[in-house]
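Trainee: I'm new to this structure and would like a close look at one part of it. Could you pick a pair of helices and walk me through how they meet, and then say a word about the cysteines?

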Amino acid sequence: MTTLENQRRSIPELRAELRAAQKSGAGVPAYTRWINRRLARGVAPIAAAWGIGPNTITFFSAALSVAGVAVLIIAPAGLSAGIAAAILLASGYVLDSADGQVARLTRSAGPAGEWLDHVVDAFRTPLIHTGVAIACYVHRPEDAWVMVIALAYALLSSGQFMSQILAEQLSVRHGRSMAETSGRVKSLVLIPTDPGTLCWAFALWATPVFAPVYALLFAANLVHAGASLRRKHRRLT
């Protein structure tokens, strides 16, 4: 579908089309399921109507995330820096959901775009945690334990992402089911593992609360990753 054909469709028409083609919310944490995807549904029709392609949205998403990490490292560790970083990271996460929706609206989905999206995601979360470690070294050298948690968090997020991608690919190849149960309760329970929760946690950056909250998020993700890895291995077996 050409850019001109996209622009001939009104934003309300694009929005209605998008609502009819939403992915399942099964196994998706609450913020991503009910807030981030909804915000992305507001962005995607506008981008499609203006002729902005999904790859461009992906690059904007990556740029916002890098800017959020840069604020943590470069700016003084004050309230404004934490809020700015949270907004930039959360905005990057919105666009991370919007790029796939733009691809569906513009009929431009393909393996190259999907590859680009996954590659950016593979860098994004470890970058955030590595950024926390560097920012603590620069601004809070007394919090060495937070640096250790941040590096472990980066390793955990990288392994968990690879597990998810490989499980999806191998399940298709070998006819195994990776279907997740849905339900509001599961989505609420998974809030600590939600990337959106991590993004907004940085609003606490300048407060004494950030370190324990960050540590609790790491602990919750560690427990969830252990259960997820065991479940995926069992299903593939």
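Mentor: Here is a walk through one helix pair, followed by the cysteines. Keep in mind that this is a predicted model.

Let's start with helix 5, which covers residues 79–105, and helix 6, which covers residues 111–139. Their axes come within 12 Å and cross at roughly 160 degrees. Angles over 145 degrees count as roughly antiparallel, so helix 5 and helix 6 are roughly antiparallel to each other. As for handedness, the crossing of these two helices is left-handed.

Which residues make the contact? On the helix 5 side, look for Leu89, Gly92, Asp96 and Asp99. Helix 6 brings Asp117, Asp121, Arg124 and Ile128. Sort the residues of this contact by character and you get 5 charged, 2 nonpolar and 1 polar.

Now for the cysteines. How many disulfides does the structure hold? The count is 0. Take Cys136: it is in no disulfide, and the nearest cysteine sulfur, that of Cys199, is 17 Å away. A disulfide here needs the two sulfur atoms within 2.5 Å, so at 17 Å Cys136 and Cys199 do not make one. Seen from the other end, Cys199 is in no disulfide either, and its nearest cysteine sulfur is that of Cys136.

Are these two cysteines buried or exposed? Cys136 has 1% relative accessibility, so it counts as buried. Cys199 is buried too, with a relative accessible area of 4%.

Note on methods: Residues numbered from 1 in each chain as written. Predicted model: local features only at pLDDT ≥ 70, side-chain atom pairs only at ≥ 80, totals over all residues. Heavy atoms only, no water. Buried < 20%, exposed > 50% of the residue type's maximum accessible area, 1.4 Å probe, protein only. Axes fitted to C-alpha atoms, helices over the stretch in contact; angles between N-to-C directions. Helix = DSSP H or I, 4+ residues; strand = E, 2+ residues; numbered from the N terminus. Parallel < 35°, antiparallel > 145°, perpendicular 65-115°, else oblique. Left-handed = near helix turned anticlockwise from the far one by under 90°. Contact = heavy atoms within 4.5 Å. Nonpolar A, V, L, I, M, F, W, Y, C, P; charged D, E, K, R; others polar.
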